[in-house]
Amino acid sequence: MSIVDPVLQWYAENRRDLPWRDESCSAWGVLVSEVMLQQTPVARVLPVWREWVDRWPTPASLALAPAGDAVRAWGRLGYPRRALRLHQCAAAIVEHHGGEVPATEAELVGLPGVGAYTAAAVACFAHGERTVVVDTNVRRVEARAVAGLALPAPSLSRAETELAASLVPEDPAVARVWNVAVMELGALVCTARTPRCGSCPIAGHCAWVLAGSPAYDGPPRKTQSWEGTDRQVRGAMMAILRAAADPVRLADLTPACPDDELRRMRCLDGLVADGLVEPVGRGRYQLPG
DNA sequence: TACACGTGGCT
DNA sequence: TAGCCAAGTGT
């Protein structure tokens with residue numbers, strides 16, 4: 001008995017109506033959603049995605065805008081480098097793909113900000129290609145249901161990729177639904193911390209449940225630090241720059257890290273090196289033009 | 001491979 | 001409450 005059919009049926013009855021899943025959503029809209037959803041919850045993405053696709057409905061329209069507009073419109077989604085890469089991605093699509101989002105994983109994976117996951121997701125969800133989509137949700141569902149583990153290992157293994165590939169239905173149209181369905185199950189039911197096994201369509205043959213839901217027993221999962229990190233300072237600087245209508249002075253960035261000038265300068269240099277901040281002379285800085 | 005990279009909600 | 005965690009990518 002495969003877990004595929006019950007998951008497909010569960011999805012048909014429980015799926016969220018997300019705009020990037022609409023038939024009318026363009027491939028570009030799908031690509032934008034996938035980049036925004038990297039490490040970022042759906043609820044936070046929704047309003048920003050709407051604003052982006054309304055303002056920049058095609059890769060060409062975004063490519064024509066200043067990069068700083070993309071960074072500012074990114075708002076507080078986090079990881080603003082994604083906005084910069086999406087802007088670079090739009091330019092690459094115009095330059096190398098006639099302005100159309102490419103359909104194959106091989107073409108997609110070369111674009112800025114598009115890695116293995118996003119390439120598989122866009123090829124499948126936007127173009128109907130039969131790909132193997134493996135994200136953190138898919139890994140968790142399959143780790144539990146098939147491997148009997150509480151959580152997947154910190155990094156993706158060959159075995160996991162092969163397992164995921166073995167579960168994808170042959171028919172591309174069915175594969176497309178499967179890929180989104182297993183992700184949705186991971187997002188809504190088979191969650192990381194408090195899985196709702198009582199509502200799970202495959203709890204009856206979940207290896208982890210059948211083993212008594214044993215606790216995680218793998219290498220320690222390192223928790224990312226935040227307080228006092230460069231990342232915190234960079235985020236504070238970006239917030240100041242997003243809010244500013246004109247270039248800011250160095251002194252305007254002091255509140256981002258008031259007690260450590262060395263760190264402050266290191267973070268600013270890093271932002272400039274990343275292309276998120278642009279020096280404009282006379283000791284002033286702004287979002288990239 | 002391991003680490004850096006934002007942000008905010010949830011338990 | 002302090003972590004934990006969220007549709008990863010680039011180096």
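**Exercise 1.** Which atom of DNA strand B lies 2.9 Å from a polar side-chain atom of Arg 81?

*Solution.* The model is a predicted one, and in it the partner of the polar side-chain atom of Arg 81 is a sugar or linking oxygen of DNA strand B, at 2.9 Å. Turning to Tyr 79, one finds that a backbone N or O atom of this residue lies 2.8 Å from a sugar or linking oxygen of DNA strand B. For Leu 77, a backbone N or O atom lies 3.0 Å from a base nitrogen of DNA strand B.

**Exercise 2.** Describe the protein surface near DNA strand B by its nearest residues, its helices and its residue classes.

*Solution.* Begin with the 19 residues around DNA strand B, of which Arg 76, Tyr 79, Pro 80, Arg 234 and Gly 235 come nearest; of the strand's atoms within 4 Å of the protein, 60% belong to sugar and phosphate. Next, assign the surface to helices: H6 (81-97) and H13 (230-243) each supply at least two residues, and the largest share, five residues, comes from H13. Finally, sort by class, which gives 10 charged, five polar and four nonpolar residues.

**Exercise 3.** Decide whether Thr 131 is buried or exposed, and describe its surroundings.

*Solution.* Locate Thr 131 in the loop between helix H8 (116-127) and helix H9 (136-147). Its relative accessibility is 2%, and therefore Thr 131 counts as buried, the cut-off being under 20%. A polar atom of the side chain of Thr 131 lies 2.9 Å from the backbone oxygen of Ala 120. Beyond its neighbours within four places in sequence, Thr 131 is in contact with residues including Glu 105, Ala 123, Val 168 and Asn 179.

Note on methods:
Residues numbered from 1 in each chain as written. Chains lettered and ligands numbered in written order. Predicted model: local features only at pLDDT ≥ 70, side-chain atom pairs only at ≥ 80, totals over all residues. Heavy atoms only, no water. Near = heavy atom within 4 Å. Polar contact = N/O pair within 3.5 Å; in protein donor to acceptor, adjacent residues only side chain to side chain. Helix = DSSP H or I, 4+ residues; strand = E, 2+ residues; numbered from the N terminus. Nonpolar A, V, L, I, M, F, W, Y, C, P; charged D, E, K, R; others polar. Buried < 20%, exposed > 50% of the residue type's maximum accessible area, 1.4 Å probe, protein only. Contact = heavy atoms within 4.5 Å.
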